[in-house]
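Hi everyone, thanks for coming. I'd like to walk you through a few spots in one model today, so please have the viewer open.

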Amino acid sequence: MAYQYPHLCAPITLGRTTFRNRMFSAPMGGTDITNDGCIGPKSTAFYELRGKGGAGAVTVSECMVHPQTDGSHAYHLDESILNSLACATYTADAIRRHGAIPSLELSHSGMYAGTYMTDKSKQKSMHQWGPSACTRPDGVEVKALTKGLIDEIVAAYGHVAGLAKRAGFEMLMIHGGHGWLINQFLSPYFNKRTDEYGGSLENRCRFAIEVLQSVRAAVGPFFPIEFRMSGSELFDGGYDLEEGCRIAQQVEPYIDLLHVSAGTYQRGFGDTHPSMFKEHGCNVYLAAEIKKHVKVPVATIGGLNDPAKMEEIIASGKADVVYMARALLADPFLPNKVMANKSEDIVRCLRCFTCMAERAATSTRRCTVNPLIGRECEGDEVRPAPVSKKVLVAGGGPGGLYAAYTAARRGHRVILCEKEAELGGILKSEQALPFKYEMYQLAGTYAKFARDAGVEIRLNTEVTKEYVEQEAPDALIIAVGSAPLVPPIPGLDGDNVVVVNNYYLEKDKVGDDVVVMGGGLAGSECAIHLGQEGKTVHLVEMRDTLAPDANVRRRPLLLKEIDKYVHVHTGYRALRVTEEGVICANPEGQEVLVPGKSVICALGQRSRTDVVTALQGTAPFVRVIGDASRVSTITNAVYWGYHAALDI
């Protein structure tokens with residue numbers, strides 16, 4: 001078979017290990033690490049899914065090598081702990097049985113040890129260790145590692161590496177980037193030592209080299225060792241790309257693969273994990289430049305989810321391997337689809353940070369576009385229903401489409417009705433915002449899945465009580481979504497006003513001076529887009545904060561974009577809309593004009609409860625999902641739709 005993306009599908013050999021393709025699964029943390037630091041069964045299933053999905057390598061995230069100085073509640077590998085080695089072995093085997101190479105990331109957090117595992121109130125009583133004594137911005141005191149402790153940590157890397165090999169891992173990634181301990185030694189910002197581990201570049205690289213030597217001694221000469229580094233720290237005082245090239249040359253003799261990432265977790269989350277506001281592959285330039293200065297293969301990472309782009313990266317010689325993390329949450333089977341020439345079936349990551357926000361909120365993981373994530377133990381196969389039934393789905397948004405697709409996979413006869421001429425629901429409006437275009441594409445992907453599964457789709461068809469009675473389905477899934485909230489503010493029905501949901505249809509009506517009414521997520525994102533187009537944008541919000549509905553990972557990056565492009569007026573209550581703008585009551589109660597010839601109404605959504613009420617009780621099984629149940633997120637719409645179909 002001729003591959004559509006031959007460079008991406010080509011095997012690569014590192015050491016004496018051959019990987020089936022160039023698409024590797026990047027480290028992503030386990031979510032059920034036990035109190036004694038073992039991998040739980042949910043995490044094993046999580047990693048296994050990436051192996052089953054076709055990745056060349058699957059990397060188990062951040063095994064802490066020295067709990068004594070790095071917090072005992074993180075994942076670590078210790079043969080003295082009952083089940084520690086066994087759990088690691090089960091995980092490596094779960095990955096390997098599907099043809100992927102299991103890899104383990106070895107790490108030490110240094111001065112940020114325990115940051116994400118410890119209650120904030122307890123952090124100030126902790127003793128953190130780093131290359132140099134300092135006080136962190138959050139007030140935590142950091143002690144300088146002694147030479148004795150350095151030697152102990154170096155030895156620990158080797159010891160854990162030997163255990164990992166014994167457990168069945170066939171590659172090791174040494175984490176030397178993102179602001180963790182090895183990176184802290186490499187960085188002139190963090191490393192102020194005056195001994196043999198500080199000062200010159202050679203001295204700052206000494207700890208990394210000693211670690212790599214320790215690991216090599218433990219695993220032998222032909223076992224693949226990968227070094228993960230930030231090509232540039234991307235902040236003032238950190239090292240730049242030019243010095244990143246020299247660091248790469250220093251570690252090159254000790255490794256088989258150089259993995260080039262970017263930034264530091266604590267000072268540049270949006271660099272290390274590129275948001276939707278950045279170009280896909282925005283960090284590839286770092287790997288491409290470093291590759292010119294080394295002879296070992298180079299891997300790259302950074303918001304990659306398009307096989308055509310990844311093919312170009314490898315074909316042009318910018319890198320030899322591409323890593324994906326969030327893209328393989330959205331679609332764990334992306335590599336298999338690429339290798340089967342079915343890239344049109346890939347579910348693209350939205351870079352919405354739902355996955356990482358859920359991790360921060362509940363220590364679990366979810367994905368907006370993949371309801372299986374976090375529930376991998378249930379299996380990825382949809383079981384046939386014992387009895388095939390007739391299922392009617394009202395509404396062709398993301399929840400309705402996914403429900404219809406899932407029900408059809410179970411063997412039901414499924415009819416999906418959409419009252420408009422196009423599928424997608426609220427996602428149709430996202431096509432006008434370039435940084436959210438993948439949300440618009442999502443509807444097309446789900447629609448393809450539904451059609452391919454045999455769903456009959458009827459457009460321009462409204463589901464009423466009479467329609468349900470005529471069709472007489474065994475089950476009805478109500479996914480009729482929500483409608484924009486347009487309060488009775490004088491002038492809001494004027495010709496200069498565009499409801500945000502309709503912006504994609506009426507963007508030509510929007511001039512160069514705009515007032516966006518409503519500082520929720522929809523209004524904020526629209527305001528950013530208009531600002532990026534060069535328009536003068538004022539954002540009016542009655543509350544004292546913007547985008548409180550944005551998740552904890554996304555919101556800080558959103559606010560940075562607002563700072564770049566938008567004039568913000570919080571605490572302003574809209575009174576009336578005129579041809580000159582919006583008359584508001586400011587926080588002091590005075591009437592002021594917020595100027596703008598065009599006005600965007602983004603004041604929220606409300607469930608179509610009248611439709612839901614009319615359809616309740618019209619079939620033996622009725623389930624309400626998505627915004628029709630409660631105005632919420634795409635994540636919930638898809639999840640509820642998936643499980644509604646499983647319940648039929």
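Let me start with a question for the room: is the crossing of α4 and α6 left-handed or right-handed? Have a look while I say that this is a predicted model. And the answer is right-handed, for α4 and α6.

Let's stay with that pair for a moment. Two packed helices are described by the angle between their axes and by the distance between those axes. Here, α4 covers residues 84–96 and α6 covers residues 147–167, and they pack at about 55 degrees with their axes 8 Å apart. Angles of 65 to 115 degrees would count as roughly perpendicular and those under 35 as roughly parallel, and α4 and α6 are therefore oblique to each other.

Who makes the contact? On the α4 side you'll find Leu85, Ala88, Thr89 and Ala92, and they meet Leu163, Arg166 and Ala167 of α6. Sorted by type, the residues of this contact are five nonpolar, one polar and one charged.

Now follow α6 by itself. Its 21 residues reach 30 Å from first C-alpha to last, close to the 30 Å expected at 1.5 Å a residue. Its buried residues include Leu149, Ile150, Ile153 and Val154 early in the list, and Leu163, Ala164 and Ala167 as well. Notice that Leu163 and Ala167 are buried and also take part in the contact with α4. Just after α6 comes Gly168, with a positive phi of about 110 degrees.

While we're in this part of the chain, please click on Asn83, in the loop between α3 (67–70) and α4. Most residues other than glycine have a negative phi. Asn83 is not a glycine, yet its phi is positive, about 80 degrees. With a relative accessibility of 45%, Asn83 counts as partly exposed.

There is another one like that to visit: Arg351, in the loop between α15 (334–339) and α16 (354–362). Its phi is near 55 degrees, again positive in a residue other than glycine. Is Arg351 buried or exposed? Buried, with a relative accessible area of 5%.

Next, a second helix pair. α10 (residues 241–251) and α12 (residues 284–291) pack at about 50 degrees, and their axes are 9 Å apart. That makes α10 oblique to α12, and the crossing is right-handed. The contact comes from Leu241, Gly244, Cys245 and Ala248 on α10, together with Tyr285, Leu286, Glu289 and Ile290 on α12. That contact divides into six nonpolar residues, one polar and one charged.

Let's move on to α21, residues 521–532. Its 12 residues reach 16 Å between the first and last C-alpha, close to the 16 Å expected at 1.5 Å a residue. How much of α21 is buried? The count is 10 of the 12 residues, so α21 is largely enclosed by the rest of the structure. Among the buried ones are Glu525, Cys526, Ile528 and His529. What do they pack against? The partners are α20 (503–506), β20 (513–517), β21 (536–541), α22 (554–565) and β26 (598–601). After α21 you reach Gly534, with a positive phi near 95 degrees.

One residue of α21 deserves a closer look, and that's Leu521. At 16% relative accessibility, Leu521 counts as buried, the cut-off being under 20%. Leaving aside neighbours within four places in sequence, Leu521 is in contact with Ala547, Asp549, Ala550, Arg554 and Leu558. Leu557 is 36 residues from Leu521 in sequence, and their C-alpha atoms are 12 Å apart.

Two last stops, and then I'll hand over. Thr135 lies in strand β7 (residues 134–135). At 45% relative accessibility, Thr135 counts as partly exposed. Beyond its neighbours within four places in sequence, Thr135 is in contact with Val140 and Glu141. If you measure across to Ala385, 250 residues away along the chain, you should get 60 Å between the C-alpha atoms of Thr135 and Ala385.

Finally, Asn636 sits in helix α24 (residues 634–646). Asn636 counts as buried, at 13% relative accessibility. Not counting residues up to four places away in sequence, Asn636 touches Arg366 and Arg630. That's my tour, so thanks for listening!

Notes
Residues numbered from 1 in each chain as written. Predicted model: local features only at pLDDT ≥ 70, side-chain atom pairs only at ≥ 80, totals over all residues. Heavy atoms only, no water. Axes fitted to C-alpha atoms, helices over the stretch in contact; angles between N-to-C directions. Helix = DSSP H or I, 4+ residues; strand = E, 2+ residues; numbered from the N terminus. Parallel < 35°, antiparallel > 145°, perpendicular 65-115°, else oblique. Left-handed = near helix turned anticlockwise from the far one by under 90°. Contact = heavy atoms within 4.5 Å. Nonpolar A, V, L, I, M, F, W, Y, C, P; charged D, E, K, R; others polar. Expected span 1.5 Å × (residues − 1). Buried < 20%, exposed > 50% of the residue type's maximum accessible area, 1.4 Å probe, protein only.
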